[in-house]
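Biologist: I should like to understand how this chain is put together. Could you show me the structure before we begin?

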Amino acid sequence: MRITAPLVAAFALTLSCPLLQAQHAHEHGVAHLQIAVEGGTVEASFDLPGHDLLGFEHAPATEAEKAAVTAAGARLKDAAAILRLSPEAKCTVAEASFESETPEAGAAHVDFVAHYRFSCAAPAALAGFTTGLFLAFPSIGELSVQSQAPQGVREQELKASQPEYRF
Ligand SMILES: [Zn+2]
């Protein structure tokens, strides 16, 4: 697994950058996932409210806040725990990275975007996934999923009580 950017550096970098366009309304407790299966490759992109990852949405200042950023980064790095694909498909993590985005100019909110890529040796066995997002970040109550796979294009909301998704 390769981590492309340390979380603290990404956070500091993006807070000083021009705004990026958010794809969704920023709502605490609600995360979004876009996942695409093509051949033996799975690409997944999570959009996560910073408040649910860190408990705050400003640049980390205190030691406790810096520790919260480090802890959130460690959980996000564990791609295989965040997204548990069908074991029969024999998928391995090819890439995991994350960055922060400010939804609006001057906004007091921060989103994190986590990108994962998996390579699957037996993609025909890829039926779906179970997400560990609710265990890693308990303040997230809902994950809105959009998928594109050989089975078709579909959407579904997942919750802690129902963390399984079928393509
Ligand atoms: Zn917020």
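The following exchange goes from the overall fold to single residues.

Biologist: How many helices and strands does the secondary structure of the chain come to?

Modeller: Please note that this is a predicted model. Read along the sequence, the elements follow the pattern α-β-β-α-α-α-β-β-β-β-α-β-β-β. The secondary structure therefore comes to five helices and nine strands.

Biologist: Which strands are the edge strands of the six-stranded open sheet?

Modeller: The six strands of this open sheet have the order β4-β5-β2-β1-β7-β8, with mixed pairing. On average, neighbouring strands in the sheet are turned by 15 degrees against each other, direction ignored. A strand at the edge pairs on one side only, and this holds for β4 (91–101) and β8 (152–158).

Biologist: Which residue of β2 is the bridge partner of Q34?

Modeller: Strand β1 covers residues 30–38 and strand β2 covers residues 41–49. The two run antiparallel and are joined by seven bridges. In β2, the bridge partner of Q34 is S45.

Biologist: Which residue in β8 stands opposite L143?

Modeller: Strands β7 and β8 run antiparallel and are joined by seven bridges. A hairpin of two residues leads from β7 to β8. Opposite L143, in β8, stands L158.

Biologist: Why is one side of β3 and one side of β9 left without a neighbour in the sheet?

Modeller: These strands belong to an open sheet of three strands in the order β3-β6-β9, with antiparallel pairing. The twist from one strand to the next averages 25 degrees. Since β3 (83–85) and β9 (164–166) stand at the edges, one side of each has no neighbour because each has a single partner strand.

Biologist: Which residue in β9 is the bridge partner of F129?

Modeller: Strand β6 spans residues 128–131. Three bridges join β6 to β9, and the two strands run antiparallel. The bridge partner of F129 in β9 is Y165.

Biologist: Which residues have the most contacts inside the largest nonpolar core?

Modeller: In soluble globular proteins, nonpolar side chains tend to be buried together. Here the largest nonpolar core has 34 residues, and its largest share, five residues, comes from strand β5 (residues 111–120). Leaving out residues up to four places away in sequence, L85 touches V42, C91, F118, L126 and F129. The residues with the most contacts inside the core are V42 and L85.

Biologist: Which residues of α3 are buried?

Modeller: Helix α3 has 15 residues and reaches 21 Å from its first C-alpha to its last, close to the 21 Å expected at 1.5 Å a residue. On one side of α3, E63, A64, A67 and A74 are exposed. The buried residues lie on the other side of α3, within an arc of only 100 degrees around the axis, which puts them on the same side. They are V69, A72, G73 and L76.

Biologist: Is F56 buried, exposed or partly exposed?

Modeller: F56 is placed in the loop between α2 (50–54) and α3 (63–77). Apart from its neighbours within four places in sequence, F56 is in contact with H51 and E65. A residue needs 20 or more C-beta neighbours within 10 Å to be buried and 12 or fewer to be exposed. F56 has 16 such neighbours, so F56 counts as partly exposed.

Biologist: How far apart are the C-alpha atoms of S139 and H51?

Modeller: S139 is found in the loop between α5 (133–136) and β7 (142–149). Not counting residues up to four places away in sequence, S139 touches G29 and D52. Although S139 and H51 are 88 residues apart along the chain, their C-alpha atoms are separated by 8.6 Å.

Biologist: What is the phi of K90, which is not a glycine?

Modeller: K90 lies in the loop between β3 and β4. With 15 other C-beta atoms within 10 Å, K90 is partly exposed. K90 is not a glycine, yet its phi is positive, at about 55 degrees.

Biologist: What percentage of contacts between residues at least 6 apart in sequence join residues at least 24 apart?

Modeller: One pair that is distant in sequence is F56 and H109, which are 53 residues apart in sequence and 8.8 Å apart in space, C-alpha to C-alpha. Among the chain's contacts between residues at least 6 apart in sequence, the share joining residues at least 24 apart is 67%.

How values were computed
Residues are numbered from 1 along each chain as its sequence is written. This is a predicted model: local features need pLDDT of at least 70, side-chain atom pairs count only at pLDDT 80 or more; totals for chains, interfaces and linings use all residues. Two strands pair if DSSP finds at least two bridges between them. Helices (H or I, at least four residues) and strands (E, at least two) are DSSP runs, numbered from the N terminus. Axes are lines fitted to C-alpha atoms, for helices over the stretch in contact, and angles run from 0 to 180 degrees between N-to-C directions. Two residues are in contact if their C-beta atoms, placed from the backbone, lie within 7 Å. A nonpolar core is a set of buried Ala, Val, Leu, Ile, Met, Phe, Trp, Tyr and Cys residues joined through C-beta atoms within 7 Å. The expected span of a helix is 1.5 Å times one less than its number of residues. The arc is that of the directions from the helix axis to the C-beta atoms.
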